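Colleague: Please take a close look at a single part of this model, the surroundings of one charged side chain. After that, set it against other parts of the same structure.

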Amino acid sequence: MKALKPLSLFIIHYSLFFSVALIVACSDWDEHFDAERQVVASQKVSLWENIESRSNLSQFADILRKTGYDKRLAASQTYTVWAPENETFDYEGVLSFSKERMVKEFVENHIARNNYPASGEIDSEVYMLNEKKMHFGGKSTYDIQGVSLKGLNLSSSNGTLHTLNGRMPFLSSIYEALGNLDYPIDSIKDYILSYDEKIINESKSKVGPVVNGEQTYLDTIYYEHNDLLMLFDAYINREDSSYTMVVPTNQAWSKALEKVKGYCNYIPSFKAVESIENKKNETVILKDAEAMKDSVAKAYTIASLFYNNNLFDNKKLKTLAEGTKPTCDSLVTTSGSKMYAYDAANLFDNAKREEMSNGAAWITDSIRIPSWTIWNPELRFEAEHSNQWVFYNYLNGAPLVREVQKQNEEVYGHVSNNCYIELEPQNGSVNPDIYFYLPNVRSTTYNIYIVMVPANINSKHYAGELKPNLMTFIVGYADDEKGSLKQQTFKNIEVRVDSLGDEPGMTDYTSRLDTVLVGEFTFPVSYLGLSSVARNYAPYLRVRSAVSNAEAAKYDRTLRIDCIILRPKELDDYITEHPDYKYDKGRY
């Protein structure tokens, strides 16, 4: 045998190396080719076909079939699906949901519109079909809302498929929680949801052809609309908001509603108050007094339950822990009513906090607010507001609105809104007389007050003699089912605007605004919400100067009226027992 030369050995070694390398290279290429072929194959079919064909997604696929989303993911709309793999979530638990809940909390919680591939560095917020916002992030390894991705970027003809190592968490909004919280809250839930309606979200729906003059949609997206929530600015169904809602149990709701209904005693018909003076017999008819009682009472009961966490001291509610009391100056409902510190501190006693995607729901067995906060508040009627139904008639003098530019520092008290009306007699021998409408009174007992202003309110150089007023007050009201009109008179009440009185710290004052109790009166009929008939049918307070000619030197016939206050007797009794109590002052 001939000995091989070095070159021959090199050729042999090189040939062997090339053959081995070629074998290895061909193997890598086949694997690469198979992968590419698989990607190409997946791109030719829909998301649904890709999900259905994978055995590790059979549970997810089953849920899609049950909810009809197999057809949606087979259509042309582009989606990204994050599909939890088998045995990584409570499959049987999800199957126990109602179809609506299964769609909202599971299916739509894992699907988003448009393509969201997992590549490079990601730090983004993704809105799912149920409008929940999820954080999608990572670099080389990825997660969405804390759940790690197992399979990435399976391209389909209508989007991208990722697989997950678990179910993405679903956090209900307050609105959604009303339907799935495991508490006896059906009363409040049914009431709120009775105002629901679905409206097409045109900006998110895929537009189709116009058919018979009407726009159609290939993929119709709806949003929930609720007139009741809009009425109270309580958008607990929006994910971009933050609210606290006090959620009463059925027992708590029934108890509060029964109390509020007591302030809403409507009657079938009302006679016009002008009939007293003009001898008319006009009436207004309510179609269903009982239905109105129920409707108004429910609306006022629910008005006490909502708080915007982004306003005022309400911000402290975001982090309020269960079993603690809010430490704040006040809390303000979305309807504008205010509870100061003492009442606010008791609002969440023994309540259970449930965290929500847009705030918190506090489940309570009692709506712990005073009745005068919203349901039966103090009513304050500014005398100068004649354009807001305050007065409708006057005799023996025309009321002039007087503005307090710079109050005389020798006068005790402050004129609300820095304005009052002045009714001067037409001549020295007559008494001025004025009627004030009292809209929105409840069927309850009030203490009626009037605040009178001294003549020297604007100047300490007032030249005239300060005298008290002597006045008579008449309450006109509907009395029975037919709306029959009656009157109650409070006679000869002296108003001492010229005296110092016994208020502490008044020794340096020469006169005062005098807040005088006219009397206690129970209105048998409610006028709450009857603004459309208030000008002609609301009850009234008639204010008259009652000075005889023999008393003219002792009393002032001119009436200077700041405001009229109707304070619920239950509030007045509470103030008597708690003289430092701070509450939301009246309005109408």
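Modeller: The part to look at is arginine 557, which lies in the loop between strand S31 (540-545) and strand S32 (559-568). The model is a predicted one. Arginine 557 is buried but has no salt bridge. The nearest side chain of opposite charge belongs to glutamate 551, 7.4 Å away, whereas a salt bridge requires a side-chain nitrogen of Lys or Arg within 4 Å of a carboxyl oxygen. What the arginine 557 side chain does have is a polar contact with the side chain of asparagine 431, at 2.9 Å. Leaving aside residues up to four places away in sequence, arginine 557 touches one group that includes Leu423, Pro425, Gly428, Ser429, Val430, Asn431 and Pro432. The other residues in that list are Ser545, Val547, Ser548, Asn549 and Ala552. Asn431 thus appears both as a contact and as the polar partner.

Salt bridges do occur elsewhere: the structure holds 29 of them. Arginine 353 is one case, paired with glutamate 355 with the closest N and O atoms 3.0 Å apart. Arginine 353 is buried, with a relative accessible area of 13%, while glutamate 355 is partly exposed at 46%. Shared partners also join salt bridges into one network made of Lys104, Lys132, Glu176 and Glu239. Another pair is lysine 261 and aspartate 294, with 3.2 Å between the closest N and O atoms. Lysine 261 belongs to helix H10 (residues 250-261) and aspartate 294 to helix H12 (residues 289-302), so this salt bridge ties together parts 33 residues apart in sequence. Both ends are partly exposed: lysine 261 has a relative accessible area of 25%, and aspartate 294 is at 26%. Aspartate 190 forms a salt bridge with lysine 189, where the closest N and O atoms are 3.7 Å apart. Aspartate 190 counts as partly exposed, at 45% relative accessibility.

Two further arginines are placed over aromatic rings. Arginine 238 lies over the face of tyrosine 235, 3.9 Å from the ring centre. The charged end of arginine 567 sits over the ring of tyrosine 449, at 4.9 Å from its centre. Strand S32 (559-568), which follows the loop of arginine 557, spans the position of arginine 567.

Rings also pair with one another, and the structure holds 17 aromatic pairs. One of them is edge-to-face, between phenylalanine 89 and tyrosine 91, with 6.4 Å centre to centre and 90° between the planes. Phenylalanine 89 and tyrosine 91 are both buried. A separate grouping, Tyr342, Trp372, Tyr574, Tyr581 and Tyr583, forms one aromatic cluster.

For a buried polar residue without charge, take threonine 472, found in strand S27 (residues 469-478). Its relative accessible area is 11%, so threonine 472 counts as buried. Threonine 472 and lysine 491 are 19 residues apart in sequence, yet their C-alpha atoms are 4.5 Å apart in space. Not counting residues up to four places away in sequence, threonine 472 touches Thr489, Phe490, Lys491 and Asn492, along with Arg542, Val543, Arg544 and Ala546. A polar atom of the threonine 472 side chain lies 3.5 Å from the backbone nitrogen of asparagine 492.

Burial also applies to a whole element in helix H3 (residues 58-67). Seven of its ten residues are buried, so H3 is largely enclosed by the rest of the structure. The buried residues of H3 are Gln59, Phe60, Ala61, Asp62, Ile63, Leu64 and Thr67. Their cover includes helix H2 (47-52), helix H4 (69-72), strand S1 (79-84), helix H5 (91-95) and helix H6 (99-107). Glycine 68 follows H3 and has a positive phi, near 85°.

For the protein as a whole, the secondary structure comes to 15 helices and 32 strands. Of its 588 residues, 50% count as buried. Among contacts with a separation of 6 or more, 71% are between residues 24 or more positions apart. To return to the part requested, arginine 557 is buried without a salt bridge, and its side chain makes a polar contact with that of asparagine 431.

How values were computed:
Residues are numbered from 1 along each chain as its sequence is written. This is a predicted model: local features need pLDDT of at least 70, side-chain atom pairs count only at pLDDT 80 or more; totals for chains, interfaces and linings use all residues. Side-chain values use heavy atoms; hydrogens and water are left out. Helices (H or I, at least four residues) and strands (E, at least two) are DSSP runs, numbered from the N terminus. Buried means under 20% relative accessible area, exposed over 50%, partly exposed in between (1.4 Å probe, protein chains only). Lys and Arg count as positive and Asp and Glu as negative; His and the chain ends are not counted. A polar contact is a pair of N or O atoms within 3.5 Å; within protein, one must be able to donate a hydrogen and the other to accept it, and residues adjacent in sequence count only if both atoms are side-chain atoms. Contact means heavy atoms within 4.5 Å. Rings of Phe, Tyr and Trp (its six-membered ring) pair if their centres lie within 6.5 Å; planes under 30 degrees apart count as stacked, over 60 as edge-to-face and the rest as tilted. A charge sits over a ring if NZ of Lys or CZ of Arg is within 6 Å of the ring centre and within 35 degrees of the ring normal.
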